Amino acid sequence: MARIRRPWGWYHVIAQGKQWKIKLLYLKAWHRTSLQRHQSRTELWIGLAGQAYAYCPASTDGTFRRLAVGDDPLWIGRREPHLLDGGGQGGLLLELQQGTCRERDIKRLSDDYGRASHARP
């Protein structure tokens, strides 16, 4: 599968099964994903290169957490709001999804690129 370009960078699906998906994500410096949540899946993020920042208000004190090579992976539960920020350097991450792994499951709560909306059908 080819790289899927987004305003914040790109992702590439490495492998997938019925209830799981593995993605490679690249966050551009000074860009971030939407603040979003998923009803039907959990995610695990692992920093591979550079560094990014993760915001997960339901699982932390509401501040950004650095996600870089060698840092502990970050687990995102179902329905937990979260976003990734490329900071000043950008970062390459591995994302492991478990559950119903469809892009349609994204509910954007806010977005720098005008994509915030209710969950898509």
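This is a guided tour of a predicted model, with a list of things to select and what to find at each stop.

**Stop 1: the whole chain**

Start with the full protein in cartoon view. It has 10 strands and 0 helices. Followed along the sequence, the pattern reads β-β-β-β-β-β-β-β-β-β. The protein has 121 residues, and 41% of them are buried. Now consider the contacts between residues with a separation of 6 or more: 66% of these involve residues 24 or more positions apart.

**Stop 2: the opening strands**

Select residues 4-6, which form strand β1, and add its partner β2; the two run antiparallel and are joined by 3 bridges. Together β1 and β2 make a hairpin, with 2 residues between them. Which residue of β2 stands opposite isoleucine 4? Show side chains and find tyrosine 11 there.

Next, add β3, residues 20-27. It pairs with β2 over 7 bridges, again in the antiparallel sense. This pair is also a hairpin, here with 3 residues between the strands. To check the register, select glycine 9 and look across to leucine 27 in β3, which stands opposite.

While looking at strands, keep one general point in mind: side chains in a regular strand alternate between the two faces of the sheet.

**Stop 3: charges over rings**

Keep tyrosine 11 on screen and add lysine 23. Lysine 23 lies over the face of tyrosine 11, at 3.9 Å from the ring centre. Then select arginine 3 and tryptophan 10. The charged end of arginine 3 sits over the ring of tryptophan 10, and the distance to the ring centre is 3.9 Å. As for rings paired with each other, a search of the whole structure gives 1 aromatic pair.

**Stop 4: the core**

Select Leu25, Trp45, Ala54, Cys56, Leu74, Leu84 and Leu93. The largest nonpolar core has 13 residues, and these seven touch the most other members. Colour the strands to see where the core comes from: β2 (9-16), β3, β5 (41-55) and β7 (74-76) each supply at least two of its residues. Which strand gives the largest share? It is β5, with 3 residues. In soluble globular proteins, nonpolar side chains tend to be buried together.

**Stop 5: serine 34**

Select serine 34, in the loop between β3 and β4 (35-38). Is serine 34 buried or exposed? Its relative accessibility is 1%, so it counts as buried, since the cut-off for buried is under 20%.

Show its surroundings. The side chain of serine 34 makes a polar contact of 3.0 Å with the side chain of glutamine 36. Another polar contact, of 3.2 Å, links the side chains of serine 34 and arginine 108. Leaving out residues up to four places away in sequence, serine 34 touches His82, Leu83, Arg108, Ser110, Asp111 and Arg115.

**Stop 6: tryptophan 30 and arginine 79**

Stay in the loop between β3 and β4 and select tryptophan 30. With a relative accessible area of 71%, tryptophan 30 is exposed. Its phi is positive, about 65 degrees, although the residue is not a glycine.

Now move to the loop between β7 and β8 (83-85) and select arginine 79. Here too phi is positive in a residue other than glycine, with a value near 70 degrees. Arginine 79 has a relative accessible area of 47%, so it is partly exposed.

**Stop 7: strand β10 and what follows**

Select leucine 109 in strand β10. At 34% relative accessibility it counts as partly exposed. Beyond its neighbours within four places in sequence, leucine 109 is in contact with Leu35, Gln36, Arg37, Pro81 and Ala116. One of these, proline 81, is 28 residues away in sequence, and the C-alpha atoms of the two are 8.1 Å apart.

Finally, select aspartate 112, in the segment after β10 (106-110). Aspartate 112 is partly exposed, with a relative accessible area of 47%. Which residue 80 positions away in sequence should be selected with it? Arginine 32: the two C-alpha atoms are 7.7 Å apart in space. Their side chains are joined by a polar contact of 2.8 Å.

Conventions:
Residues are numbered from 1 along each chain as its sequence is written. Side-chain values use heavy atoms; hydrogens and water are left out. Helices (H or I, at least four residues) and strands (E, at least two) are DSSP runs, numbered from the N terminus. Buried means under 20% relative accessible area, exposed over 50%, partly exposed in between (1.4 Å probe, protein chains only). A polar contact is a pair of N or O atoms within 3.5 Å; within protein, one must be able to donate a hydrogen and the other to accept it, and residues adjacent in sequence count only if both atoms are side-chain atoms. Contact means heavy atoms within 4.5 Å. Rings of Phe, Tyr and Trp (its six-membered ring) pair if their centres lie within 6.5 Å; planes under 30 degrees apart count as stacked, over 60 as edge-to-face and the rest as tilted. A charge sits over a ring if NZ of Lys or CZ of Arg is within 6 Å of the ring centre and within 35 degrees of the ring normal. A nonpolar core is a set of buried Ala, Val, Leu, Ile, Met, Phe, Trp, Tyr and Cys residues joined through side-chain atoms within 4.5 Å. Two strands pair if DSSP finds at least two bridges between them.
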